[in-house]
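Okay, thanks everyone for coming. Let's pull the thing up on the screen and walk through a couple of bits of it.

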Amino acid sequence: MTLSTLQGVSHTCFGLSYLLALVLELARLRWPGKTLRTAALAAATVGLLTHSAFLLIHHPSPATPYGSLLLLAWVLAIFCLYGAVHHARQAWGIFVLPLVVGLVGLSLALISTGGANDAAIPAWLVGEKFWGAVHGLLLLAAAVGLSVAFLASAMYLVQARRLRTKANPLDLKMLSLERLEAMNRRAVNLAFPLLTAGVLLGMLMLNREPLATLLTPSLKVLGSYGLILVVAMLVYMRYAAHVSGRRLAVWSLLAFALLVGVLMAAHPFAEAPK
Amino acid sequence: MNLRIAGCNFRSAPVDLREKLAFTPELQAKAAAELAARYGCEAAILSTCNRVELFLARPLAPAPVSTELAAEFLAEVHGLPVERIVPHLYSHTDADAVKHLLRVAASLDSLIVGEGQIAGQVKATYEAARTLGTAGPFLNALFPHALRAAKRVRTETGIAHGHVSVSSVAVDYVRQVFDHFDDKTVLVIGAGKMGRLTLKHLQELKPKRILVTNRSPEKAREVAAGCGGTAVPWEQFDDALAEADIALSTTGAGEPIVTAERFAKRVLPKRRAGRTLVVLDIAVPRDFDPTIHDGDRVCLFNIDDLTRIREQTIAARQSHLRPAEAIVAAETKAFLDDWERRRNGPVILQLRSEVDKVRDEVLTPLLAKLNGKLSDAEKDQIAGAFRLFQNKLLHGPIAALQDASKDGDRGSLVDALRKLFRLG
């Protein structure tokens with residue numbers, strides 16, 4: 001495959017591949033079997049490969065809402081494939097793939113709003129300078145952690161509901177409540193320090209900007225503060241208040257919703273497109 | 001192929017007759033050897049709680065062992081009047097018999113369709129016959145084929161999907177809540193028979209510890225000794241329940257032991273926050289108030305829940321019967337085709353050997369007569385020409401035999417070949 005062929009790779013290629021994988025995963029619920037599983041796995045792999053090629057060729061900036069959503073979707077697609085291989089018997093793809101498809105869809109929607117415009121971001125923030133890159137990486141890793149916590153929580157709530165209604169355990173094979181709760185705990189424990197460090201670093205860098213920017217904090221900055229509060233609340237509820245797994249899961253969903261909002265908001269250093 | 005399968009199962013015979021016709025492993029070995037010697041056949045005996053079947057194959061004889069002889073043999077071995085057995089006996093021959101064995105091994109003919117034990121029992125039957133030497137070329141081909149077909153049915157359809165015993169379903173639920181068990185405590189309440197079976201399944205999960213409590217301290221100690229657990233006095237029931245991750249209740253109490261109020265006041269406050277308790281209440285009447293179930297901190301499953309899932313699983317398996325039967329039909333045909341091809345082997349070998357003999361009878365005196373007049377190379381050329389002539393001559397009959405086997409019309413052609421070439 002030549003580079004010129006790869007340049008033809010668009011959102012449609014990987015977006016549709018993920019969507020196809022999701023449809024096949026849903027079909028597996030009705031007709032379980034190796035064929036559909038293999039087809040779903042193949043579609044997701046094609047999606048990930050084309051997605052990787054796209055990122056490699058277009059290297060969208062993680063500092064833009066568009067780029068951050070695409071990168072997050074890419075990491076989650078890897079997570080999806082990892083789970084599909086390691087938890088082959090469990091319903092995994094039907095939870096992870098909608099999130100991947102959703103993030104790709106959101107990034108596509110942002111193109112029309114100009115969120116994909118790399119030129120609007122100062123050079124030092126897009127990774128050309130060390131601290132900008134560290135800030136971006138910390139927040140991306142935290143976003144991955146919160147996304148995993150979201151997935152674990154969504155699965156937890158579905159599993160808990162199935163247990164509450166005493167559904168047939170074999171209708172939908174899922175990880176145990178204990179496993180999902182542990183996954184959520186690890187993801188939040190990882191995301192909290194990363195998020196805090198990333199935001200603190202951003203605040204320090206913010207001081208280099210004119211006073212006017214500081215006095216009118218952007219939605220992204222305010223959202224990030226809110227996100228830290230929610231994640232801190234999650235940690236408190238788990239280790240100090242010992243609330244039930246279901247309530248923790250609901251708070252994790254809230255944290256993820258806030259994360260998506262933060263990712264979609266314009267960066268405080270973004271300049272109006274020229 | 002002259003295969004006869006004669007026997008009875010849960011559909012054709014009442015349980016008291018099946019009990020009388022059952023074979024112990026020792027009797028099974030003795031009887032199979034006796035069958036093989038008496039009727040000059042390959043023999044194997046399948047004996048389970050739901051069926052007793054004799055497999056008798058005489059591939060080289062003109063006819064299979066008759067059903068009457070099989071019935072007489074069963075009557076003789078078990079000391080029963082033959083007329084008591086005959087009305088309950090079914091019998092299959094040749095292709096029907098092959099299909100029957102494949103259906104049995106694939107668990108399509110079982111009381112609970114898709115159950116996993118029967119394939120193992122068929123395998124044990126074959127192993128026993130092979131060890132005894134009562135399995136010959138036919139059974140050595142048939143049984144492995146049946147086991148392969150059974151595996152295909154199990155893996156390619158959903159016929160074996162899910163669990164159909166209440167205790168296995170209970171463990172499925174436990175696995176939905178917990179991931180690992182090496183830090184879990186199981187509390188066994190009571191000593192009912194069903195509870196012991198479920199406890200056996202729970203033991204396989206290797207929990208950290210097992211506590212056993214019972215109104216009777218002796219019974220508690222007895223159950224605890226049987227499962228490597230610790231007996232807990234009945235007076236400490238609430239504390240034990242507060243410590244437990246899984247409670248298995250199977251008492252014979254006439255009314256609930258754990259009411260919602262008792263649970264809320266005496267158990268819940270003592271439990272570490274955030275822990276989930278799974279209650280498997282398989283007692284009738286129920287031991288736990290079902291309202292304590294919330295699907296998060298307390299997951300309670302009683303006998304009705306477990307039985308409902310069991311029935312759903314059995315019903316779901318019925319929907320896989322058609323594809324399973326299709327696999328059995330295809331595998332039956334594959335076996336029959338394969339066997340026909342294999343069966344031609346001895347006839348072709350005999351034909352070639354007879355013609356080789358004739359060729360030698362003609363060629364040897366000819367070469368002796370020409371001795372001294374021919375070089376070794378010329379002798380080889382003449383021998384080669386004879387062989388070529390022979391091969392060309394036999395090609396037609398052999399090809400016709402293979403074709404007839406494919407069409408299932410082999411018998412008359414084999415007879416014709418035997419007569420035409422005077423094969424023994």
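So, what covers the buried residues of α13(B)? The cover includes α8 (166-177) and β10 (298-302) of chain B, with contact meaning C-beta atoms, placed from the backbone, within 7 Å. Helices and strands here are DSSP runs (H or I, at least four residues; E, at least two), numbered from the N terminus. Quick caveat: this is a predicted model, local features need pLDDT of at least 70, side-chain atom pairs count only at pLDDT 80 or more, and totals for chains, interfaces and linings use all residues. Residues are numbered from 1 along each chain as its sequence is written, while chains are lettered from A and ligands numbered from 1 in the order in which they are written.

Back to α13(B). The buried ones are B:Asp305, B:Leu306, B:Ile309, B:Thr313 and B:Arg317; buried means 20 or more other C-beta atoms within 10 Å of the residue's own, exposed means 12 or fewer, with partly exposed in between. Those five cover an arc of only 110° around the axis, so they sit on the same side of α13(B). The arc is taken from the directions from helix axis to C-beta atoms. Turned away from that buried side, you get exposed B:Glu311, B:Ala315 and B:Gln318.

Now the sheet: it's open, four strands, antiparallel pairing, order β2-β3-β1-β4 in chain B. Pairing takes at least two DSSP bridges. At the edges are β2 (42-47) and β4 (90-93) of chain B, each paired on one side only. Six bridges link β2(B) to β3 (residues 51-57) of chain B, and B:Ile45 has B:Leu54 as its bridge partner in β3(B).

Technical notes: Contact = placed C-beta atoms within 7 Å.
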